[in-house]
Amino acid sequence: MIVVAGEALIDLVPAPPSPIGSPDGGLSPLLPRRGGGPYNTALALGRLGTPAAFCSRVSTDGFGEALLAGLRSAGVDLSLVARGPEPTTLAVAGIGADGGAGYGFYAEGTADRLFELPPALPAGTDALCLGTCSLVLEPGADAYAALLRREAARGVFTLLDPNIRPGLIPDAAAYRARFRSWLPDVCLLKLSEEDARWLGGTPEEWLKEGPQAVVLTRGADGLTVYAPGGATHSVPAGEVEVADTIGAGDTVNAALLHRLSQADALSRPGLAALDAHDWRAILTFAARAAAITCSRTGAEPPLATEL
C-alpha cells in the first residue's frame with residue numbers, strides 16, 4: 001500500500017474563448033476538473049494498478065462527492081478520508097501558450113485545511129507521498145508535517161513533492177526554512193526546476209540534508225535523478241502535442257513510486273542499490289506517463305494499459 005496525503009480540489013480550466021463581440025465578450029468558460037497534486041498522484045497510482053490509499057479531508061459538497069467518485073473508479077482506498085461541511089478548494093488555472101499552467105486559489109475556510117493527524121496508516125503501508133498546498137495551508141499543514149515525521153520514524157519510505165504555489169505562501173523565507181526542516185525525514189525528493197529556483201537550493205545541497213535521491217523534472221528537457229553517491233542520470237521528455245501540463249508532475253510522482261515498488265526499492269537501501277540502467281528505465285517510464293497526461297486537458301493520468 002502507498003498512502004498519498006494532501007488536498008483534493010477542483011481545477012477550473014479555461015476552455016477555448018468565445019468570439020469577440022459575442023454575449024460572453026471573449027471570456028473563456030471555466031470547466032471543472034478534479035485535481036490537487038496529492039489527489040492526482042493517488043488517482044495515477046490507482047490507474048497504474050498500484051494499491052494506494054488517499055489521506056485527506058474532503059468536503060461533503062457536490063465537488064467533494066465527485067472527487068471521491070474519481071478515486072473510487074481507480075480503486076483507491078478511501079478509509080483515511082475524513083469529511084466536512086466546508087466547501088471544496090477551487091483553483092483557477094491559466095494556461096500559457098506553451099501549455100504551462102498558473103493558478104489562483106480560493107482556499108479560505110475550505111474542508112481540506114482542517115485535516116487532522118490520523119491515528120495510524122493501514123497495515124502494510126510501504127510508502128507515504130506528500131506535497132503541494134497541503135504543506136502550506138494551516139492548520140492542516142502542521143498535521144501533514146507531523147504525519148511525515150511520524151511515518152519516517154517508523155521506517156516508511158517517504159516522497160516529498162513541494163510543488164510550490166507562490167501565491168499561497170505569505171512568508172517565503174519561513175517556508176524555505178520549513179522545507180529544509182522536512183528533508184531529514186524524506187527518502188526521495190521530487191521537484192521541478194521552477195520549484196528548485198524558488199526554493200533557492202540545489203539537489204547536491206539537499207542530498208546532504210536527508211534525501212537518498214532527488215528527481216528533478218525539467219519540462220520539455222526531460223527528467224534527471226541525483227542518485228546516491230553523486231551520480232546523475234537523465235532521460236528526455238516524451239514527445240507529445242501538449243494540451244496543458246496540469247497533473248504532469250503528479251503523474252511523475254505516481255510513476256516513480258509504481259516502478260520503485262515493482263523493483264522492491266521503496267527503501268533507502270533499495271534506492272542505493274539502483275544502477276544507471278535501473279534509474280533510466282524508471283525515469284523513462286515516468287516521462288512517458290507524464291507525456292500522456294500532458295496530451296489531455298486537465299489532470300488525466302494514464303491507465304497501465306496505455307503504457
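**Exercise 1. The pair R57 and E86**

Task: In this predicted model, find what kind of contact the side chains of R57 and E86 make, and which parts of the chain the pair ties together.

Solution:
- Step 1. The side chains of R57 and E86 form a salt bridge, with 2.7 Å from N to O. The cut-off for a salt bridge is 4 Å between such atoms.
- Step 2. Side chains of opposite charge can pair when their charged atoms come close.
- Step 3. R57 belongs to strand β4, while E86 sits in the loop between β5 and β6 (90-95). The pair therefore ties together parts that are 29 residues apart in sequence.
- Step 4. R57 has a relative accessible area of 13%, so R57 is buried. E86 is buried as well, at 19%, since buried means under 20%.

**Exercise 2. Other salt bridges**

Task: State how many salt bridges the model has, and describe the network that contains E138.

Solution:
- Step 1. The count comes to 11 salt bridges.
- Step 2. One of them joins R178 to E138, whose closest N and O atoms are 3.0 Å apart. R178 is in helix α4 and E138 is in the loop between β8 and α3, so distant parts of the chain, 40 residues apart, are linked.
- Step 3. R178 is partly exposed at 22% relative accessibility, and E138 is partly exposed at 30%.
- Step 4. D142 joins E138 and R178 in a network of salt bridges.
- Step 5. A further salt bridge is made by the side chains of E151 and R154, at 2.5 Å from N to O. E151 is buried, with a relative accessible area of 1%.

**Exercise 3. The sheet**

Task: Give the strand order of the nine-stranded open sheet, and explain why one side of β5 and of β13 is left without a neighbour.

Solution:
- Step 1. The order is β5-β4-β1-β8-β9-β10-β11-β12-β13, and the pairing is mixed.
- Step 2. β5 (77-84) and β13 (232-235) stand at the edges. Each has a single partner strand, so one side of each has no neighbour in the sheet.
- Step 3. On average, neighbouring strands of the sheet are turned by 15 degrees against each other, direction ignored.

**Exercise 4. Strand β1 and its partners**

Task: Describe which way the side chains of β1 point, and how β1 pairs with β4 and β8.

Solution:
- Step 1. In β1 (residues 2-5), I2 and V4 point one way and V3 and A5 point the other way. All four of these residues are buried.
- Step 2. β1 pairs with β4 (residues 52-59) in the parallel sense over four bridges. In β4, A53 is the bridge partner of V3.
- Step 3. β1 also pairs with β8 in the parallel sense, over four bridges. Here I2 has A127 as its bridge partner.
- Step 4. Further along the sheet, β8 and β9 run parallel and are joined by five bridges. C129 stands opposite L159 in β9.

**Exercise 5. Helices on the sheet**

Task: Which strands do α2 and α3 meet, and at what angles do the helices run?

Solution:
- Step 1. Helix α2 (residues 62-73) lies across β4 and β5. The angle between α2 and β5 is about 175 degrees.
- Step 2. Helix α3 packs on the sheet and touches β1, β4, β8 and β9. The direction of α3 makes about 155 degrees with that of β8.

**Exercise 6. Backbone details in two loops**

Task: Locate the cis peptide bond that joins E138 and P139, and place the positive phi values of T132 and N163.

Solution:
- Step 1. The cis peptide bond between E138 and P139 has an omega of about 5 degrees. P139 is in the loop between β8 (127-131) and α3 (140-153).
- Step 2. T132 is found in the loop between β8 and α3. T132 is not a glycine, yet its phi is positive, about 65 degrees. T132 is buried at 5% relative accessible area.
- Step 3. N163 lies in the loop between β9 (157-161) and α4 (172-182). Phi of N163 is near 45 degrees, a positive value in a residue other than glycine. N163 counts as buried, at 12% relative accessibility.

**Exercise 7. Cysteines**

Task: How many disulfides does a search of the whole structure find?

Solution:
- Step 1. The search finds zero disulfides.
- Step 2. For C133, the nearest cysteine sulfur is that of C129, 14 Å away. A disulfide needs the sulfur atoms within 2.5 Å, so C133 is in no disulfide.
- Step 3. C187 is in no disulfide either, the nearest cysteine sulfur, that of C129, being 12 Å away.
- Step 4. C133 is buried at 4% relative accessibility, and C187 is buried at 7% relative accessible area.

Methods
Residues numbered from 1 in each chain as written. Predicted model: local features only at pLDDT ≥ 70, side-chain atom pairs only at ≥ 80, totals over all residues. Heavy atoms only, no water. Buried < 20%, exposed > 50% of the residue type's maximum accessible area, 1.4 Å probe, protein only. Helix = DSSP H or I, 4+ residues; strand = E, 2+ residues; numbered from the N terminus. Pairing = 2+ DSSP bridges. Axes fitted to C-alpha atoms, helices over the stretch in contact; angles between N-to-C directions. Contact = heavy atoms within 4.5 Å.
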